[in-house]
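Take a look at the structure below. We will walk through a helix first, then some aromatic rings.

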Amino acid sequence: MSAPAPALAAAPAARPALDLQAILKDALLFALVTFGLCVPVVAYRTDLSSTSALDLTPRWGLVAILCGLVFLARLAQRLILASRDARRALTPSPRQATEAVDATPNAAQSVSRFGLPLFLGVALTFPLLAALGTGGLSESRYWIDLGILILTYVMLGWGLNIVVGLAGLLDLGYVAFYAVGAYSYALLSTTFGLSFWICLPLAGLFAALWGMILGFPVLRLRGDYLAIVTLAFGEIIRLVLINWSDFSGGAAGISSIPRITFFGLPFTADEDGFAASLGIPFSPMHRVVFLYYLILVLALITNLVTLRLRRLPIGRAWEALREDEIACRSLGINTTNTKLTAFALGAMFGGFAGSFFAVRQSFVSPESFNFLESAIILAIVVLGGMGSQIGVAIAAVAMVGGPELLRNLDFLKPVFGEHFDPNEYRLLLFGLAMVVMMIWRPRGLISERSPSVVLKERKAISGSLVKEGHG
Amino acid sequence: MSAATPLPADRPAFAATGRTPLLSVRGVKTFYGNIIALKGVDLDVNEGEIVTLIGANGAGKSTLMMTIFGNPRAREGSITYAGRDITRMPTHEIARLNLAQSPEGRRIFPRMTVYENLQMGAAVNGGAHFAQDLERVCALFPRLKERLHQRGGTMSGGEQQMLAIARALMSRPRLLLLDEPSLGLAPLVVKQIFSVIKDLNERDGMTVFLVEQNAYHALKLAHRGYVMVTGTITMSGTGRQLLDDPSVKAAYLEGGRH
Ligand SMILES: Nc1ncnc2c1ncn2[C@@H]1O[C@H](COP(=O)(O)OP(=O)(O)OP(=O)(O)O)[C@@H](O)[C@H]1O
Ligand SMILES: [Mg+2]
């Protein structure tokens, strides 16, 4: 029994001496792979010459830079990971047994404590901040539009989070419900002249109905199979919208959908318009700001409903379903109903967001509801850390705001030469950022699930543990 | 195969009663696809008894427990609980009949806290008298009380087993089905869990159906036992009778007396 003991003791001491050679080799390998990838993709730039032949411009310098960057990045990653492992090896992980018993909040809780008020504060004052930052309400239009876009995705992310994050049902066709909501408003308002405020709940209802319709056939499916069927469902809805022209206007979509009103007061320069009724000068920005606050309220409702449901039996049943379906059933939970409510509720919020989309654009076409949308929404949920509300919000900001900010990469021009167009590299950089993100936090930004019940006894329990020396 | 006759129990309380059993399984056949796992099982559990089922790996013990819970369904035969035919009932409705199960492999919810796991156990009665029941299971397993806010998945194997039993108890079952509660546990913890089962039975009058590999302890604890071999019940009798039976001794007890 004495032999393993010295080995154990020696292990941590040996750790700090990193295996530099292996790390260098590994980084070199990465650089080599990058080189291999670069040869066909980057090494030659092809231009059509005046005689419409292909001109090849070699770009070996760029290849070298890329390989060097990959080498350095991999080196840094390995070194950081190695030093972290060494630290972990020296200090036994305090999380193992005591994670939830000790009173220090975990990542999710500390983020919610400080992140949530911050997020909410920024969201509430955003139009003001944008106007102050750009020097005027009209100048801030770009930013407020971006805010609306981000909040739409926050809402969609929170809606899908019910299905994927809480109930654990992988849904790749969520955009279908977004489409149902959008077309509900578009059709109801253009054919029957119903106002947005009547159509909004109806759109949610229709989408929930479609959620159930999707739910029934897939009740027995899980994981990959469920994903495939939901993917197909999303595509079916889109194809029906394209091909059933009499009903949906086909690929051309539906245009001149009535715009939003302030609970009946239109945002126009007319006598009975919003501005005139309030006696303030007319500005087209009123409508944009109103849309901003509308989507903010809708998103917050989604969040509050989800948070509330998580504390109720139905929410807990969703989470239990995600963890173990068979155990759920043997505890008397009707898994059929549980799944259907998850699908229906998730779809309902998708429907709300959809009708918002329609009223904002005043134009809908099937092209807005392709698979990429579903993928983005799902990526938001996964990146955010399945089930974490604040994580989803942060991910939505990053996923939607990120590519927009990357439009402004002009400062890289001196590095890559004059014909460097940031727009071309935007998605590449964005993809890179996502890869890095998944390496850094493989289980999403906020992967820890915060318990739905936190009792006050918590401190007392940890106190008694300390006394008994269990901690 | 010895011919241990049906139920001349050494606990007269049950032998004397001629009433219908709480749970009765009659001629149950269960299939996995085309493979037959239960080849016609007959078994009774009377009110107030501890009944144990022993058998080798793959005999079909877990299958029987799951079949009682309707998943998989019995293809033939009938299962009656408290006078109701539950053979065709969906699992979640069976679970609402004061019948609780701690399935094989524990199946606790790993990312949920101990407290939330226990709440799930109380789901059938809508959380009525939850606080009271929580207190009760915490008294049975003080270990859980210390760890109410720990995630289920981070608990030790023994603690998880306690949680699985405690969760089943939260629904105030009249009949408790336990599948190998001693699996992978230290002898001391096994002893503790078995004494809890005994307490539940003697003090609260709970009926227990216990599937066990740990044949010696299980037969000592139980009023009656059944032996299952490849999907059929081959023997039944009081715990003592089975313990003393030479063939049981040879097959299930050799070296098992720890
Ligand atoms: N889902 C399944 N699909 C197909 N066959 C199964 C399935 N579950 C169990 N079986 C088979 O049914 C037989 C009985 O299995 P069961 O799990 O009931 O055994 P057991 O008596 O509980 O064994 P152990 O003591 O090892 O838990 C085994 O041969 C097993 O391979
Ligand atoms: Mg088994």
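Which helices do the buried residues of α4(B) pack against? They pack against α13 (313-323) of chain A, together with α5 (130-140), α6 (142-146) and α7 (157-169) of chain B. Keep in mind that this is a predicted model. Helix α4 of chain B spans residues 114-121, and 8 of its 8 residues are buried, so the helix is largely enclosed by the rest of the structure. Among these buried residues are B:V114, B:Y115, B:L118 and B:M120. B:E116, B:N117 and B:Q119 are buried too.

Now turn to the rings. The count is 26 aromatic pairs over all chains. One pair is A:Y178 with A:F357. Their centres are 5.4 Å apart, with 55 degrees between the planes, and the pair is tilted. A:Y178 lies in helix α7 (residues 175-192) of chain A and A:F357 in helix α15 (residues 335-361) of chain A, so the pair ties together parts that are 179 residues apart in sequence. Both count as buried: A:Y178 has a relative accessible area of 3%, and A:F357 has 14%.

A:F267 and A:F290 are tilted as well, because their planes meet at 40 degrees, with centres 5.3 Å apart. A:F267 sits in the loop between β5 (265-266) and α11 (274-278) of chain A, while A:F290 belongs to helix α12 (residues 285-311) of chain A. The two are 23 residues apart. Both are buried. They also belong to one aromatic cluster, whose members include A:Y185, A:W197 and A:F263.

Rings can have charges over them, too. In chain B, the charged end of B:R75 sits over the ring of B:F31, 4.0 Å from its centre. The charged end of B:R167 sits over the ring of B:F109, 4.9 Å from its centre.

Conventions. Residues are numbered from 1 along each chain as its sequence is written. Chains are lettered from A and ligands numbered from 1 in the order in which they are written. This is a predicted model: local features need pLDDT of at least 70, side-chain atom pairs count only at pLDDT 80 or more; totals for chains, interfaces and linings use all residues. Side-chain values use heavy atoms; hydrogens and water are left out. Buried means under 20% relative accessible area, exposed over 50%, partly exposed in between (1.4 Å probe, protein chains only). Helices (H or I, at least four residues) and strands (E, at least two) are DSSP runs, numbered from the N terminus. Contact means heavy atoms within 4.5 Å. Rings of Phe, Tyr and Trp (its six-membered ring) pair if their centres lie within 6.5 Å; planes under 30 degrees apart count as stacked, over 60 as edge-to-face and the rest as tilted. A charge sits over a ring if NZ of Lys or CZ of Arg is within 6 Å of the ring centre and within 35 degrees of the ring normal.
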